[in-house]
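Subject: Handing over the model, with notes

Dear colleague,

Please find the structure below, followed by my notes on what was found in it.

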Amino acid sequence: MFIIGIAGGTGSGKTTVVRKLIERLPKGEVTVIPLDSYYKDSSNIPVEERQKINFDHPDAFEWKLLINHLQELKQGHAVEQPVYDYVTSSRLKDTVHVEPSEIIILEGIMVLHHYKLREQMDLKVFVDADADDRLIRVISRDIVERGRTTEMVIERYQKVLKPMHEQFIEPCKRFADVIIPQGGHNNAAINMMAKFIKQQIRERE
């Protein structure tokens, strides 16, 4: 099993990098595990209070469960991945059944933050992008997918996303084996990564 961690700021293009990487890797042999699925369950907290939770802080994630699931997959066991609802800010009762596969991609803003998680990775990647580009993508996504207004998104960016990025996400660059500027537009970097991963798998076989 080859485990890849792909981190980067909100709106940096991580999802695009993951999609393009999957297109270049053997079909049916890649499983993507989003860090967002491992937000702590806040269904026991009143709805009004949930809106105040800082989802861009390391404390918002259930690291122990994610690390345990990754270890189970490495041992050849299937896991039940949580499903998180962004609209209600709570974990759903449904889960996603995940079987072990040749390549596991962990994707999320802070997948390089927790040292025990990093220790499990064979390749650590940081997707980089200008702050302006990230903000534009965040505004587009949150309005369409999460029902927020432009004013709400900008206020959240200024009060939460920007300071949390500078405090927790940007410093993760130093743990990366590969830094991809321009996010999903950097096809050269994605091609090199795909080639390296294939080579590593062949050597292990």
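Both Phe61 and Trp63 are buried, meaning that they have under 20% relative accessible area with a 1.4 Å probe and protein chains only (over 50% would be exposed, and values in between partly exposed). Please bear in mind that this is a predicted model, in which local features need pLDDT of at least 70 and side-chain atom pairs count only at pLDDT 80 or more, while totals for chains, interfaces and linings use all residues. Residues are numbered from 1 along each chain as its sequence is written, and side-chain values use heavy atoms, with hydrogens and water left out.

Phe61 and Trp63 also form a tilted aromatic pair, at 5.5 Å centre to centre and 55° between the planes; rings of Phe, Tyr and Trp (its six-membered ring) pair if their centres lie within 6.5 Å, and planes under 30 degrees apart count as stacked, over 60 as edge-to-face and the rest as tilted. Ring pairs link these two residues with Tyr39, Phe55 and Tyr84 into a cluster.

Turning to the cores, the largest nonpolar one has 31 residues, and Leu106, Met110, Val111 and Leu117 have the most contacts inside it. Such a core is a set of buried Ala, Val, Leu, Ile, Met, Phe, Trp, Tyr and Cys residues joined through side-chain atoms within 4.5 Å. The largest share of this core, five residues, comes from α3. Leu117 touches Trp63, Leu66, Ile67, Leu70, Leu106 and Val111, leaving aside residues up to four places away in sequence, where contact means heavy atoms within 4.5 Å. A second, separate core of 20 residues includes Leu25, Ile105, Ile180 and Ala194.

As for β5, five of its five residues are buried, so this strand is largely enclosed by the rest of the structure; helices (H or I, at least four residues) and strands (E, at least two) are DSSP runs, numbered from the N terminus. Ile103, Ile105 and Glu107 cover one side of β5, and Ile104 and Leu106 the other. β5 pairs in the parallel sense with β1 over five bridges, and five bridges also join β5 to the parallel strand β2 (residues 30–34); strands pair if DSSP finds at least two bridges between them.

Finally, helix α6 bends by about 50° at Tyr157, the bend being the angle between axes fitted to the seven residues ending there and the seven starting there. Tyr157 is among the buried residues of α6, which also include Val153 and Leu161.

Best regards
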